[in-house]
Amino acid sequence: MAGGGRGSGRPAKKKSPTKGTGGNVRRGLEGKGATPPAHMRHWHKDKARTERIDREERTGGRSSSASPRTPVRARRSEDAPEYIGGRNPVVEALRAGVPASTLYVALRIDNDDRVKESVRIAADRGIAMLEVGREKLDRLTEGAIHQGMALQIPPYEYAHPEDLVTIAQDAAEVPLIVALDSVTDPRNLGAIARSATAFGAHGLLIPSRRSAGVTGGAWKTSAGTLANMTVARAANLTSALRDYREAGLFVIGLDGEGTVELGDANLLDGPLVVVVGSEGKGLSRLVRESCDLVVRIPMSAAAESLNAGVAAGIALYEVSRHRRR
């Protein structure tokens, strides 16, 4: 016979248990106990967010499919803070009273006079200080040279174009405003701010689109002068220039194709707006049509154009020279 039985001489096979609940009903009635914390719940959104942040911290913001040498930059929102990197730019910004919220210093940094002075000024001004790893500084400064130091500054609060005229009137001075047309490099904006401060301009005007803003790169190049220079932003640059003309200001544009040399321009000692175009393209058509006069800077034919920051510096010096007469 195939199976054992009472007469087979072999012990009978143990019967399988009958179907039942297996205690599930009883265990279900006992409850599931306390709810586990969020980090232990794989379905909890906070855990997913924490894992994403940790992953970005490890990879520097790179996606798994991206090349390790090609970081994927997230689009920076307008209300995001900016960062100045580098020992000289940081200490100069702190000396100039640039509004800052946090000073980041690398762990085990080699203390020199600039580091010591930066820490002292930050402490005196009540600026928070954090020691972080160099990888963190690399991310904050987006790969720029930081030399173990970075300064976090809040988003810039732009003025209204009319405020620049008010600043000159309150100082009982003849208005001098510098407007930027399609200048997209923040370093040029910073350099222009530096020249504008040196030659007594009352503010900078930039369009809200297709233009560099007051970013960390602009702060760095300005060597802190942006702390003393008001920057206004216009939704429409040509409309703002038209309003300036109606308010009695003379608008001149700098362009290599101008018919009049800068030194021969009239009314440089009057209420003035100097419009600086981008390097290479110069002034846009609509902005050119909004100017009372388009002038050029005389130079050798070997140089096709000047950097926007250099051109602005030359023009502002010429305006200053006329006003000192």
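# Notebook: loops, helices and buried residues

I started with Ala-172, which lies in the loop between H6 and strand E5 (176–181). Helices here are DSSP runs of H or I with at least four residues, strands are runs of E with at least two, and both are numbered from the N terminus. I noted that the model is predicted, that local features need pLDDT of at least 70 and side-chain atom pairs pLDDT 80 or more, while totals for chains, interfaces and linings use all residues. Residues are numbered from 1 along each chain as its sequence is written, and side-chain values use heavy atoms, with hydrogens and water left out.

**Entry 1: two positive phi values**

I looked up phi for Ala-172 and found a positive value of about 55°, although Ala-172 is not a glycine. Most residues other than glycine have a negative phi. I also checked the cover: Ala-172 counts as exposed because its relative accessibility is 71%. The cut-offs are under 20% relative accessible area for buried, over 50% for exposed, and in between for partly exposed, with a 1.4 Å probe and protein chains only.

I then turned to Leu-267, in the loop between strand E9 (260–261) and E10. Leu-267 is not a glycine, and its phi is positive, near 65°. Its relative accessibility is 48%, so Leu-267 counts as partly exposed.

**Entry 2: the whole chain**

I wrote down the totals next. The chain has eleven helices and eleven strands. It has 325 residues, and 39% of them count as buried. Its accessible surface comes to about 19,500 Å², with 49% belonging to carbon and sulfur atoms. The areas come from the Shrake-Rupley method with a 1.4 Å probe, and for residues only the protein chains shown count as cover.

How much of the contact in the chain, at a separation of 6 or more, is between residues 24 or more positions apart? The share is 78%. A contact means heavy atoms within 4.5 Å.

**Entry 3: residues in H11**

I looked at two residues of helix H11 (residues 308–323), starting with His-322. Is His-322 buried or exposed? His-322 counts as buried because its relative accessible area is 12%. Leaving aside neighbours within four places in sequence, His-322 is in contact with Gly-263, Ala-265, Leu-268 and Asp-269.

Val-319 is also found in helix H11. Its relative accessible area is 0%, so Val-319 is buried. Beyond its neighbours within four places in sequence, Val-319 contacts Leu-176, Leu-268, Leu-272 and Val-274. I also noted Gly-270, 49 residues away from Val-319 in sequence and 9.4 Å away in space, C-alpha to C-alpha.

**Entry 4: H7 against H11**

I then checked how H11 meets helix H7 (residues 186–198): the two axes come within 8 Å and cross at roughly 15°. H7 is therefore roughly parallel to H11. Angles under 35 degrees count as roughly parallel, over 145 as roughly antiparallel, 65 to 115 as roughly perpendicular and the rest as oblique. The axes are lines fitted to C-alpha atoms, for helices over the stretch in contact, and the angles run from 0 to 180 degrees between N-to-C directions.

From H7, the contact is made by Asn-188, Ala-191, Ile-192, Ser-195 and Ala-196, and from H11 by Ala-308, Gly-309, Ala-312, Gly-313 and Leu-316. I sorted these residues of the contact into six nonpolar, four polar and no charged. Ala, Val, Leu, Ile, Met, Phe, Trp, Tyr, Cys and Pro count as nonpolar, Asp, Glu, Lys and Arg as charged, and the others, Gly among them, as polar.

**Entry 5: H3 against H4**

Helix H3 (residues 87–95) and helix H4 (residues 113–125) have axes that come within 9 Å and cross at roughly 35°. Which residues make the contact of H3 with H4? H3 gives Arg-87, Asn-88, Val-90, Val-91, Leu-94 and Arg-95, and H4 gives Arg-114, Val-115, Glu-117, Ser-118, Ile-121 and Arg-125. By kind, I recorded five nonpolar, two polar and five charged.

**Entry 6: two more buried residues**

I looked up Val-165 in helix H6 (residues 161–170). Val-165 counts as buried because its relative accessibility is 12%. Not counting residues up to four places away in sequence, Val-165 touches Ile-177, Tyr-244 and Leu-249. The C-alpha atoms of Val-165 and Leu-249 are 9.3 Å apart, with their positions 84 residues apart along the chain.

My last residue was Ser-278, in the loop between strand E10 (272–277) and helix H10 (285–289). Ser-278 is buried, with a relative accessible area of 14%. Leaving aside neighbours within four places in sequence, Ser-278 is in contact with Asp-181, Ser-182 and Val-183.
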